[in-house]
Amino acid sequence: MDKLVVRGGNPLVGTVRVSGAKNAALPAMAAALLSEETVILENIPQVRDIVTERNLLTAMGAEVELGYGRAHHRTTISCRNLVNAEASYDLVKTMRASTLVLGPLVARMGHARVSLPGGCAIGARPIDLHLKGLEALGARITQEHGYIEARAERLKGAHVVFEKITVTGTEDLLMAATLAEGESVLENCACEPEVVDLAALLTKMGAQIEDAGTRSIRVRGVEKLGGARHRIIPDRIEAGTFIVAAALTGGDLAIANCDPRHVGALLSKLEECGVKVAIGEDSVRIASSGPLKSADIVTEEYPGFPTDMQAQYMALATQAEGMSAITENIFENRFMHALELVRMGANIKIDGHRAVVRGKTPLSGAAVLASDLRASASLVVAALVAEGETIIDRVYHIDRGYERIEEKLRSVGAQIRRIGRLIPERAPAAVAAE
Ligand code: EPZ
């Protein structure tokens, strides 16, 4: 198992470039299932979940070429000759977002067989709202042997109101509605930038969508969708992780190739903590600005404070003067990282979905365990300010959603290395293309 070894103490100085967004790339790749024509996606991040998505699509008969090392990480997907419409348990259990193929498959093929994802480290995460939405569009849904079977000659437009705001639920129904007969109105939708980016791709493929990015989206179904070329948005959570790392370590870091609008809630919170933030067109600069002040956060749907930044923010709060209350409203079990931070010397008390962090407490290097993707990111940023060496185990979690994080951090002064080797060496062409 790979581990990351981090020696804390170095301020981050220089420029780090953000990769494409994992959570925009996954639905975009699933959207290719809606068409017989080729979809070309650029800025696809080189992370493990993309490889899983590739395997998911090729298992159905799609031709997928991950263009790592090519300019813009260009990826081409052709779903002209799909041979089956199944997402197997072996793949879904490694990546819940695999369920995003459900809507596109039943819309295009008239049926889909998708494994139920099962439990997750951060919460139960059911997909009942996806299923209720597809049933409203006329799909017949059955469940057996751990699989969902969805069938429909042709989906029919309908009025769908999500009981709860769900990002992939919105994306799944948005994709399904593009090929439904008639008009659909989706209410109480997620407004995340990844939803807007998916709607932009679908529109390029010929879909008729209005008001993506608002709580109410209107979709007029079409007979067929075509191919398209689309550049995936930058990863706002990767950008946010580097922004927090810079604020924690001091130094002077520019986070380039990101969209500052997408990290608005985080930036205004960091300004409240006393962090100096300079915003450029596609970059954010974080310069050292003395002691951090404590500030409370409550995680919310976009544009509120993102739950995917809660763990990294908790690491920062351990170094802020005073008490920070952190309320996690999206997932019921997303404090696994807190006990690992306590092992490093943090003072954190958990009471249900609220954690109270008292700072500033010096952190010392320790052996810690990553439990999920963002928890592992929080341990990395904490280790950057810990005295001595921290060894982070199970970093396969971080490889799911961060492209070459240790190389990027090392390039701006961090002392971080990987021991053990899970990810194959990058093709010389990839290095040359940079
Ligand atoms: C997306 O997950 C992201 N994943 C998550 O990022 C992110 O944490 C989450 O949105 C919230 O922002 C991808 O985009 C691939 P939800 P998703 O459906 O869509 C409940 C990361 O670190 N719910 O918006 O699965 C659910 O249990 C990952 O990159 C139902 O009850 O999240 C949760 O409490 C982690 N029934 C809430 O809604 C449903 O059918 C929001 O979940 C669907 C969701």
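Histidine 145 occupies the loop between strand S8 (140–144) and strand S9 (147–151). In this predicted model, histidine 145 has a positive phi of about 50°, although it is not a glycine. Its relative accessibility is 70%, so histidine 145 counts as exposed, the threshold for that class being over 50%. Strand S9 begins at residue 147, and the ring of tyrosine 147 has arginine 113 over its face, at 4.0 Å from the ring centre.

A positive phi is also found at aspartate 211, again a residue that is not a glycine; here the angle is about 65°. Aspartate 211 belongs to the loop between strand S12 (208–210) and strand S13 (216–220). With 45% relative accessibility, aspartate 211 counts as partly exposed.

Two further loops contain cis peptide bonds. One such bond joins tyrosine 302 and proline 303, with omega about 10°. Proline 303 is in the loop between strand S19 (297–298) and helix H10 (310–317). Another cis peptide bond joins glycine 359 and lysine 360, where omega is likewise about 10°. Lysine 360 is placed in the loop between strand S22 (354–359) and strand S23 (367–369).

The loop that holds proline 303 runs between S19 and H10, and the discussion now turns to an aromatic pair. The structure holds one such pair. Its members are phenylalanine 305 and tyrosine 313, arranged edge-to-face, with 5.7 Å from centre to centre and 75° between the planes. Phenylalanine 305 has a relative accessibility of 5% and therefore counts as buried. Tyrosine 313 is buried as well, because its relative accessible area is 0%.

Helix H6 (residues 167–177) is the setting of threonine 170. Nine of the 11 residues of H6 are buried, so the helix is largely enclosed by the rest of the structure. The buried residues are Gly169, Thr170, Glu171, Asp172, Leu173, Leu174, Met175, Ala176 and Ala177. At the start of H6, a side-chain oxygen of threonine 166 comes to within 2.9 Å of the backbone nitrogen of glycine 169. The backbone oxygen of threonine 166 also takes part in a contact, lying 2.7 Å from a polar atom of the side chain of threonine 170.

What surrounds threonine 170 beyond residues up to four places away in sequence? Threonine 170 touches Phe162, Leu186, Cys189, Ala190, Val195 and Ile217. The relative accessible area of threonine 170 is 0%, which means that the residue is buried. Isoleucine 350 is 180 residues from threonine 170 along the chain, and the C-alpha atoms of the two are separated by 31 Å.

Helix H12 (residues 373–383) is likewise largely enclosed by the rest of the structure, because 11 of its 11 residues are buried. Among them are Leu373, Arg374, Ser376, Leu379, Val380 and Ala383. At the start of H12, a side-chain oxygen of aspartate 372 reaches to within 3.2 Å of the backbone nitrogen of arginine 374.

Ala383 of H12 is also a contact of threonine 390, which is located in strand S24 (residues 389–393). Leaving aside neighbours within four places in sequence, the other contacts of threonine 390 are Leu4, Val5, Val6, Met344, Gly365, Ala366 and Val368. Threonine 390 counts as buried because its relative accessibility is 0%.

Strand S25 (residues 415–419) includes arginine 418. Is arginine 418 buried or exposed? Its relative accessibility is 13%, so arginine 418 counts as buried, the limit for that class being under 20%. The side chain of arginine 418 makes polar contacts with two acidic side chains: one of 2.7 Å with aspartate 399 and one of 2.7 Å with glutamate 406.

The last topic is empty space within the protein. A search of the whole structure finds one cavity of 30 Å³ or more. The volume of the largest cavity is about 30 Å³. Its lining consists of Ala21, Asn23, Glu194, Asp235, Arg236, Ile237 and Asp308.

How values were computed:
Residues numbered from 1 in each chain as written. Predicted model: local features only at pLDDT ≥ 70, side-chain atom pairs only at ≥ 80, totals over all residues. Heavy atoms only, no water. Buried < 20%, exposed > 50% of the residue type's maximum accessible area, 1.4 Å probe, protein only. Helix = DSSP H or I, 4+ residues; strand = E, 2+ residues; numbered from the N terminus. Polar contact = N/O pair within 3.5 Å; in protein donor to acceptor, adjacent residues only side chain to side chain. Contact = heavy atoms within 4.5 Å. Phe/Tyr/Trp six-rings, centres within 6.5 Å; stacked < 30°, edge-to-face > 60°. Lys NZ or Arg CZ within 6 Å of the ring centre and 35° of its normal. 1 Å grid on protein atoms, 1.4 Å probe; cavity = no way out; pocket = protein on both sides within 12 Å on 5 of 7 lines; lining within 4 Å. Points joined across faces, edges and corners; volume = space filled by probe spheres on them.
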